[in-house]
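Hello,

Here is the structure I promised to pass on to you. Have a look at it first, and then read on for my notes.

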Amino acid sequence: MKQSQSCEITSVIFWVIFSAYCKANLPSDAIRAFNNMVDYGIQPSINDLDQLLYVLCKRKHVREAQLFFDKIKHEFNPTVKTYSILVRGWGYIGEASEAQKVFDEMLVRGCSVDVHAYNSILESLCKGGNVDEAHKLFRDMRSKGLEPDAFTYSIFIHAACDANDIHSAFRVLDRMKRYNLIPNVFTYNSIINKLCKSDKIEEAYQLLDEMLERKVKPDVWSYNAILSFHCNRLEVNMATKLVSRMDTDSCEPDRHTYNMLLKMLIRVGRFDRVTSIWEKMEKNGFHPSASTYAVMIHGFCRKKGMVEEACRYFEMMVDEGIPPYSSTCEVLRNKIIGLGFAEKVEILAEKMERSSSCSIQDLSYIMRGNMKNIKSKKEENSAEESDY
C-alpha cells in the first residue's frame with residue numbers, strides 16, 4: 001500500500017530507508033530505493049539525491065555513490081553541496097586524487113564554489129598526505145574572494161599534528177588569532193594531545209587556560225590527555241589536582257579518567273586514595289564498567305598481599321551483574337591458585353553460577369580453568385584492555 005489516510009509516503013521516509021540500508025551495508029538497496037521513489041508518486045529532487053549520496057559516503061560506500069552520481073547527474077542540476085558531499089566522501093576513505101577530480105568537475109560545471117566546498121577538498125587533500133597541494137588551494141581561496149573560516153584553519157592544524165609538527169600547528173593557531181577566529185574543542189584537543197606526547201606539559205596547560213579564556217569549554221578528552229601524562233609518570237599530586245580542577249571547571253570525569261587514576265594509585269600503593277576515589281565515583285553516580293573493575297582486580301593481583309581486595313571487587317562485579325573479561329577471570333584465578341587457595345576459586349565459580357547473568361554463568365568455566373567449554377569472550381575494545 002503506497003499511501004493511506006493514516007500514512008502518506010514522503011521523501012523523508014525514503015531518507016530513513018536510505019540510511020537503514022547503508023547502515024546494513026546494502027548500498028545497492030539504498031540506490032534501488034531511490035530509483036523506486038517515482039513508484040510512490042515522488043519525483044526525486046536534488047535534495048533527495050544529496051541525502052542518498054551523504055549516507056552512502058558516511059558509511060564509506062563512496063565508490064557506489066560516485067558511480068550512481070555519474071550515471072544520473074544529467075537528470076539533475078548538481079549543486080556545490082552535491083559535489084562537496086562526494087569530495088568529502090573520497091577524502092574520508094583517503095582517496096585524495098578522486099576528491100580532486102570531483103572538485104575539478106565542480107569548477108568546470110561553473111558551480112559557485114563556497115568556503116564549505118573548499119574546506120571539503122582541503123580536508124581530503126590533507127588526509128591523503130597532499131598538504132602542499134592543500135596550501136596552494138588555500139591561497140587560491142583568497143584570490144577568489146573567499147575568506148577562510150575557523151574550520152579551514154583547523155584542517156591544517158590537524159594535518160600538522162598528524163605529522164608531529166607542533167610548531168606548524170601553533171603557527172596556524174596564531175594566524176587564527178590574528179583573524180579573530182576561535183578553534184573548536186576538537187582542534188584544541190588535537191594540539192593538547194600532541195603536546196603531552198611530546199612532553200610539553202606546560203604548553204598543554206597554557207592551551208587549556210587559553211580555551212577557558214576564549215570561552216571554549218574543555219571536554220573530558222582535553223583533561224584526559226594531560227591526566228594520561230601525569231599517570232604514566234606516577235605524578236600522584238599533579239594527577240589528583242587535575243581531577244579536582246575538572247570539578248571546578250564543571251567537567252564530569254569519564255571511564256578513562258577514573259581508570260587511569262585508579263591504575264596509577266594502585267601502582268604506587270596509595271590504597272587509601274583508591275578507596276576515596278571509588279567512593280567519589282559512587283557519590284557522583286558513576287557506574288563502573290567491566291574495564292574499571294578490571295583495573296582494580298588486575299592492579300590488586302599485581303600487589304603483594306592484596307588478593308583479598310581483588311576478590312572483593314570481583315564479587316562486587318558479579319553481584320552487580322557485570323560480566324568480567326575472560327582475561328580478568330584468568331588473572332584472578334592464576335593469582336589465587338599460585339597462593340595455594342584453590343578453595344577460593346571454587347567459591348567464586350559457584351557464585352558466578354548463581355548469577356542471573358547468563359554471561360557470568362558461562363564465565364564460571366574459565367574461573368575453574370576449563371577453557372574448552374566456553375568461547376573466548378571478546379574484550380570491549382583494545383583501548384579498554386590498555387587501561388588495566
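**Confidence in the model**

This is a predicted model, and its confidence peaks in helix α13 (residues 220–232), with a mean pLDDT of 98, while helix α22 (residues 382–387) has the lowest mean, 53. Averaged over the chain, pLDDT is 92, and 94% of the residues score at least 70. One stretch to treat separately is residues 374–383, where pLDDT stays under 50. For that stretch the model has 16 contacts beyond four places in sequence.

**Repeats on record**

The UniProt entry, which is unreviewed, lists "repeat: PPR" for residues 10–44, 79–113, 114–148, 149–183, 184–218, 219–253, 254–288 and 289–324. I can describe two of these spans in the model. Residues 149–183 are 74% helix and 0% strand, with 10 Å between the end C-alpha atoms. For residues 254–288, the figures are 74% helix, 0% strand and 10 Å from one end C-alpha atom to the other.

**A buried glutamine**

Gln 100 sits in helix α6, which covers residues 96–108. Is this residue, Gln 100, buried or exposed? Its relative accessibility is 17%, so Gln 100 counts as buried. Apart from neighbours within four places in sequence, the residues in contact with Gln 100 are Ile 121, Leu 125, Glu 133 and Leu 137.

**Salt bridges**

How many salt bridges does a search of the whole structure find? The search returns 20, and here are some of them.

- Asp 29 pairs with Arg 32, with 2.9 Å between the closest N and O atoms. Both residues belong to helix α2 (residues 27–35) and are 3 residues apart, about one turn of the helix. Asp 29 is buried, at a relative accessible area of 19%, whereas Arg 32 is partly exposed at 40%.
- Glu 123 and Lys 127 form another salt bridge, in which the closest N and O atoms are 3.8 Å apart. The two are 4 residues apart in helix α7 (residues 115–127), again about one turn of the helix. Glu 123 is buried, with a relative accessible area of 16%.
- Glu 346 and Arg 368 meet through their side chains at 2.7 Å, N to O. This pair links distant parts of the chain, 22 residues apart: Glu 346 is in helix α20 (residues 342–353), and Arg 368 is in the loop between α21 (358–367) and α22. Both partners count as partly exposed, Glu 346 at 31% relative accessibility and Arg 368 at 30%.
- Asp 70, Lys 73 and Glu 105 are joined in a network of salt bridges.

**Cysteines**

The search for disulfides across the whole structure finds 0. Cys 111, for one, is in no disulfide, and the nearest cysteine sulfur, that of Cys 57, is 16 Å away. Cys 111 is buried, at 16% relative accessibility.

Why is the sulfur of Cys 358 not in a bond with that of Cys 329? The Cys 329 sulfur is the closest cysteine sulfur to that of Cys 358, but the two are 15 Å apart, so they are too far for a bond. Cys 358 counts as exposed, because its relative accessibility is 54% and the cut-off for exposed is over 50%.

Happy to go through any of this with you.

Best wishes

Key. Residues numbered from 1 in each chain as written. Predicted model: local features only at pLDDT ≥ 70, side-chain atom pairs only at ≥ 80, totals over all residues. Heavy atoms only, no water. Buried < 20%, exposed > 50% of the residue type's maximum accessible area, 1.4 Å probe, protein only. Contact = heavy atoms within 4.5 Å. UniProt positions renumbered as here; feature names shortened; annotations may be inferred. pLDDT = per-residue confidence, 0-100. Salt bridge = Lys/Arg side-chain N within 4 Å of Asp/Glu carboxyl O. Disulfide = S-S within 2.5 Å.
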